[in-house]
Amino acid sequence: MTEQVKLPWLSDCIEGQVAIVTGGAQGIGRTIALTIARMGADVAVVDVDQEKAEATAGEIRELGRSALAFKADVTNLEDAEGCVQKVVEKLGRVDILVNNAGITRDNILLRMKEEEWDAVIAVNLKGTFNFTKAVARPMIKNRSGRIVNIASVIGVMGNAGQGNYAASKAGIIGFSKSIAKELASRGVTVNAIAPGFIDTAMTKVLPEDVRNQLREQIPLKRLGASQDVADVVAFLVSPAANYVTGQVLHVDGGMVM
Ligand code: NAP
């Protein structure tokens, strides 16, 4: 049920378009990739996990769309540029980019190792820069494009033990607004989504009592599902969001209001 497109009016509304979803092998990224495919687009799934990326691509093909799976590390600009080039060669164009790949390496400041800081900034923030830079030229040439960056409520609220993650996600928000201003005149929109606590592998590692405490802090009293985030991506990449750019949409059950 959670994997259905809840917005039937968006079905097939981006038919013929091509999307790239980073971190699309599992979790929120996989659900976004499948949702965009149900909306009519062909999808390139990018992930460090080749096998799972291929599995998501297989599910997309079963929906009757073309799909490619790429093993690529978003921290590497050459990987990003090579990937976008192959997407354009094989699928003909690139209309949509969803920068979703992300990691956590939690620690309080006094214990945080330099490698933990660097790894999170490299994947979450530099990865977003790399793929955005790689799609910018073809999107500017087409005079149209949609870029959706997955930030987090933590980038807005901060969180003890997540200084690196909060900095990376706050950085994504500032980056999204800046690039939205740069690319608006070329017909390219750039928006960010700030999910709250979503039930995925990333949050499954939290102990049950922590998950229960978190649930209590959420006005809607439940963790989000990947589909809750994917539905908002669906809106942002659809014609319904033609006049929306530089925004941060919270998908957090009311945590931040
Ligand atoms: P997830 O289940 O861990 O999925 C993330 C995917 O990104 C994994 O397939 C991961 O591969 C891949 N990835 C990691 N490093 C990569 C790299 N360098 N290059 C390419 N792919 C890479 O996480 P999720 O919960 O779906 O989160 C997706 C996004 O939502 C992240 O940006 C996260 O920060 C954000 N978010 C999540 C929550 C939440 O509560 N879950 C809340 C707010 C925001 P491996 O598993 O092989 O590393």
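**Close-up 1. The surroundings of Thr 56 in the predicted model.** Leaving aside residues up to four places away in sequence, Thr 56 touches Gly 24, Ala 25, Arg 30, Ala 33 and Val 45. Thr 56 itself belongs to helix 2, which covers residues 50-62. With a relative accessibility of 1%, Thr 56 counts as buried, because the cut-off for that label is under 20%.

**Close-up 2. Helix 3 from end to end.** Let's move on to residues 77-91, the 15 residues that make up helix 3. At 1.5 Å a residue, this helix should span 21 Å, and the end C-alpha atoms are indeed 21 Å apart, so the two values agree.

**Close-up 3. The buried and exposed sides of helix 3.** Look for Ala 80, Cys 83, Val 84, Val 87 and Leu 91, which are the buried residues of this helix. They lie on the same side of helix 3 because they cover an arc of only 95 degrees around the axis. Turn to the other side and you will find Glu 78, Gln 85, Glu 89 and Lys 90, which are exposed.

**Close-up 4. The packing partners of helix 3.** Three strands meet the buried residues of helix 3 here: strand 1 (18-22), strand 2 (42-47) and strand 3 (67-71). Helix 4 (114-142) also packs against these buried residues.

**Close-up 5. The two ends of helix 3.** At the N-terminal end, Asn 76 acts as the cap, with a side-chain oxygen 2.8 Å from the backbone nitrogen of Glu 78. Gly 92 follows helix 3, and its phi is positive, near 95 degrees.

Terms used. Residues are numbered from 1 along each chain as its sequence is written. This is a predicted model: local features need pLDDT of at least 70, side-chain atom pairs count only at pLDDT 80 or more; totals for chains, interfaces and linings use all residues. Side-chain values use heavy atoms; hydrogens and water are left out. Helices (H or I, at least four residues) and strands (E, at least two) are DSSP runs, numbered from the N terminus. The expected span of a helix is 1.5 Å times one less than its number of residues. Buried means under 20% relative accessible area, exposed over 50%, partly exposed in between (1.4 Å probe, protein chains only). The arc is that of the directions from the helix axis to the C-beta atoms. Contact means heavy atoms within 4.5 Å. A polar contact is a pair of N or O atoms within 3.5 Å; within protein, one must be able to donate a hydrogen and the other to accept it, and residues adjacent in sequence count only if both atoms are side-chain atoms.
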